[in-house]
Amino acid sequence: MKIKIGTDKSSLYLDILLAYLVRAIKHMDLGEGTLLYPIPLDKFVVNNADDIPEITIGIDKHIEMTLESSKNEEKHYSPKLHYCKGSDLTKASEQSINWSNIFHISDMGSGPDAKITISPDGFLYVKSDDTNKNCTIDLRSEAPPLERYIGYSAVLSLNMETTKDGHKKRLYFILDPLMKVSSNQG
C-alpha cells in the first residue's frame with residue numbers, strides 16, 4: 001500500500017509497511033485507532049525519496065494525495081482516505097498563514113465549501129473525494145512572495161484484525177509528512 005503525493009511535475013511515494021503494521025496492531029498497544037484518536041502511522045512508512053516535496057505556485061497547478069492499494073489489499077483491508085489537514089510550520093512566520101494566498105478557496109462568506117474548510121484555529125481541511133482515495137486542492141496561479149513549510153496530515157482507515165481470533169475492526173491512522181511551498185519568483 002502506498003500514499004502518493006503528487007503535483008503536475010513530480011510525485012513522491014510513501015510506502016506503508018503493512019506486514020509490520022498488522023503485527024503491531026495484533027500485538028502492541030498503539031492507541032485507540034478512532035477518527036478522534038488515530039494511530040500515528042509515521043513509524044510504519046518509508047519515504048523512498050528521502051526528501052521534502054517542494055511545491056511552487058505558478059508552476060504546479062494542484063496537489064493531490066492518493067491512497068494506492070492492490071486488489072488483495074482492497075479485499076482484506078478496505079482502505080479509505082478520509083481527509084487531509086494542513087498547518088503552517090514555518091518558524092519565522094510573523095503572522096498566521098493566509099491559505100487563500102496559496103490555494104483556490106471559495107469565498108467562505110458566500111456559502112460553505114463542500115470540500116475545503118478552514119478551522120478557527122487556522123488549520124486547512126480537505127475532504128477526500130467520493131472514492132475515498134484522493135484529496136486534491138488547486139493552487140493559485142500566482143501568489144505574493146512566500147516560502148512556507150506546511151505540515152499536512154492524512155487520515156486514513158483500514159479494516160484490520162485486532163485480535164488473534166480474527167475479529168476485524170475499522171482502525172483510523174494519521175500520517176504527518178511535511179512539504180515546502182513557495183511562490184514562483186521568476
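Two strands count as paired if DSSP finds at least two bridges between them. Strands here are DSSP runs of E with at least two residues, helices are runs of H or I with at least four, and both are numbered from the N terminus.

This is a predicted model, where local features need pLDDT of at least 70, side-chain atom pairs count only at pLDDT 80 or more, and totals for chains, interfaces and linings use all residues. Residues are numbered from 1 along each chain as its sequence is written, and side-chain values use heavy atoms, leaving out hydrogens and water.

**Exercise 1.** Find the partners of strand β7.

*Solution.*
- Start with β11 (residues 147-161): β7 (residues 80-88) pairs with it in the antiparallel sense over eight bridges.
- Pick out one position: Cys84 sits opposite Ala154 of β11.
- Now try β9 (residues 124-127), which runs antiparallel to β7 and is joined to it by four bridges.
- Here Gly86 has Leu124 as its bridge partner.

**Exercise 2.** Work out the open sheet that contains β1.

*Solution.*
- Write down the order: five strands, β4-β2-β1-β6-β10, with antiparallel pairing.
- Mark the edges: β4 (45-47) and β10 (134-138) each pair on one side only.
- Add the twist: neighbouring strands are turned by 15° on average, direction ignored.
- Zoom in: β1 (residues 2-6) and β2 (residues 11-16) share five antiparallel bridges, and Ile3 partners Leu14 in β2.

**Exercise 3.** Decide where to be careful with the coordinates.

*Solution.*
- Take pLDDT, the predictor's per-residue confidence from 0 to 100: the chain averages 83, and 85% of the residues score at least 70.
- Check the extremes: helix α2 (residues 71-77) is highest at 95, while strand β13 (residues 178-183) is lowest at a mean of 62.
- Where pLDDT is low, predicted coordinates shouldn't be read in detail.

Methods
Axes fitted to C-alpha atoms, helices over the stretch in contact; angles between N-to-C directions.
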